[in-house]
Amino acid sequence: MFFRPRLFDSFSGYSRALFTKDVFAGLTVGIVALPLAMAFAIASGLKPQAGIFTAIIAGGLISLLGGSRVQIGGPAGAFIVIVYGIVERYGIPNLLLATAMSGVFLFLMGVFRLGTLVRFIPIAVIVGFTNGIAFLIGLSQVKDFFGFQIEKMPAQFFQSVHALYLAADTFNPIALSLACGSLALLILWKIFQDRLGWLSHLPGTVVAMVVATIVTSIFNLPVDTIGSRFGGIPSGLPAFEWIPISWDSAQYMVAPALTLALLGAIESLLCARIADGLIHDRHESNQELVAQGIANFTIPFFGGMPATGTIARTVTNIESGGTTPVSGLVHAATLLVIVLFAAPLAKNIPLASLAAILIYVAWNMGEWQKFIDLKQFRLPYRITILSVFILTVVLDLTIAVEVGLLLAFITFIYRISSLSRCEPALASDYPGLNNQQGRIDAYRIHGAIFFGAVKLLEKIETNLPSQILLLDLKNVIYIDTSGMDTIMELAHLCKIRNIRLIICGLAHQPLEMAERSEFLSALPQDSFYPDLSSGIEAATA
């Protein structure tokens, strides 16, 4: 069935015990999502409520309509760099337009069942841009971590480093102390969480945020807070508002929207795959993309930001006992209750503490061990992962992914072509070829005959026999149009030189390709034999 959210399948055998687990898991994830949603929005150049509204509305829609039983949707760290760049270059109204357009692209990807194609992106490319994004997230938080006085952080890498350098003498030692304390608390909480008894159920990010907020409030510390910079967060959801749309704006938003859609698809499906491994289930990737599309198309009309599947909150959901999309809906409802009844308390949250939380998230987000282990991998893998990382940091995620895919494509073509080989059949293996060299030659081809390996057949053209040429294609697993054209050119050359061409072992996909290209009808009926032995017997008869 095309449209069938996993929520529909979750009620079979659903019990009060499962509902209780889902409720407690949803409450836990909702509390975890609160500081992250605000931090992601602030780091993206938006107000903190944009992240919270996204977690509530988009997160609820993703759980309601998604193809995974336990995935939690909402704002994600992977979007920070992209969203910040769009906001700085095009403004918030065009960010809303790009987000809605990305929702359309994601929905169409699901409708046309392109979910499995995302899995074809090589792991080197994914690790490269994931680590690049994590690095940029950490860099973006240096300003608030040290309390630097910078009016507006540039989006580009070198300009950001230059701005931080110029503002080095404005650092706030109190903000730095608060940030270091929050980071230390996060690390220690993670290390000793198993020994804390009932406190172990509290997420470290929430504990760090609450402690920092209390300290800031009691001692009235001179640091930037959500209240001083943004005026707090509203006590209620935003009203529906039409986003401004014009053709002049839309044509410039296509590329950013495609970037958001691609990154959202990769993040959500990777997250769903990780969740599958933890709960021993299998998600429906196309249904997940449809849900992501609907969520991202909807949220801009409520002033939100791009949303996707979030690995940290999904894992928290699973570890807390969540088993169905109900836990995701409870997570959204939890955030809604917090916004409605506890929003005024958020004004004293120090931005230095949120910066520490984001740096902690960025560190855990990156797969830094892959960099340490680079020497264990082949040179093409190292070049790909480092190129994507550097280009993500210095230039742009879109360029980095394009270059990474190109490098991976070239590496793949080279490796596959190196697996294909052409070797002459020996007389010791086929006695019928004794004393026939130069008059009757036979070649055995292995692997794939495609545009990257046609040189195998081109070598045969330079050393044709005088009477009969036999090609054994029994071990050929694939032929593309370029390979088929090369075989037909070889057949035409044999015809011109009055050399009989015999094809042996043609079957499966190569046979289908020969039929479609009308190669079978171009040669006499006695030119095809099931194996090389029968072909040689016919040639020497």
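**Overall form and three helices of the chain**

The chain exposes about 25300 Å², and 63% of that area is supplied by carbon and sulfur atoms. The model behind this value, as behind the rest of this passage, is a predicted one. Burial is split roughly down the middle, with 51% of the 541 residues counting as buried. As for secondary structure, the chain holds 24 helices and 7 strands. Its radius of gyration comes to 30 Å, well over the 24 Å that the globule rule gives for 541 residues, so the chain is more spread out than a compact globule. Along the principal axes, its C-alpha atoms fill a box of roughly 100 × 60 × 55 Å.

Contacts in the chain reach a long way along the sequence: among those with a separation of 6 or more, 82% are accounted for by residues 24 or more positions apart. Charge is another matter worth a glance. The chain has 33 positive and 35 negative charges, and the mean positions of the two sets lie 6 Å apart.

Turning to individual helices, α8 spans residues 157-166, and its buried residues include Phe157, Ser160, Ala163 and Leu164. Seen down the axis of α8, the buried residues fall within an arc of 125°, so they line one face of the helix. This fits a general rule: an α-helix has 3.6 residues a turn, so residues three or four places apart point the same way. The cover over the buried residues of α8 includes α6 (123-140), α7 (142-146) and α18 (379-394). Facing away from that buried side, α8 carries Phe158, Tyr165 and Leu166, which are exposed.

Further along, helix α15 takes in residues 326-342, with Thr334 among them. Thr334 has a relative accessibility of 10%, under the 20% cut-off, so Thr334 counts as buried. Leaving aside residues up to four places away in sequence, Thr334 touches Gly26, Leu27, Gly30 and Ile31.

Helix α22 (residues 508-516) has Pro510, Met513 and Ala514 as its buried residues. Looking down the axis of α22, these fall within an arc of 100°, so they too line one face of the helix. Among the elements that cover them are β5 (468-479), α21 (481-496) and α23 (519-522). The other side of α22 has His508 and Arg516, both exposed. After α22 comes Glu518, with a positive phi near 65°.

How values were computed:
Residues are numbered from 1 along each chain as its sequence is written. This is a predicted model: local features need pLDDT of at least 70, side-chain atom pairs count only at pLDDT 80 or more; totals for chains, interfaces and linings use all residues. Side-chain values use heavy atoms; hydrogens and water are left out. Buried means under 20% relative accessible area, exposed over 50%, partly exposed in between (1.4 Å probe, protein chains only). Helices (H or I, at least four residues) and strands (E, at least two) are DSSP runs, numbered from the N terminus. The arc is that of the directions from the helix axis to the C-beta atoms. Contact means heavy atoms within 4.5 Å. The radius of gyration is taken over C-alpha atoms; the globule rule is 2.2 Å times the number of residues to the power 0.38. Accessible areas come from the Shrake-Rupley method with a 1.4 Å probe; for residues, only the protein chains shown count as cover. Lys and Arg count as positive and Asp and Glu as negative; His and the chain ends are not counted. The place of a charge is taken as NZ of Lys, CZ of Arg, CG of Asp or CD of Glu.
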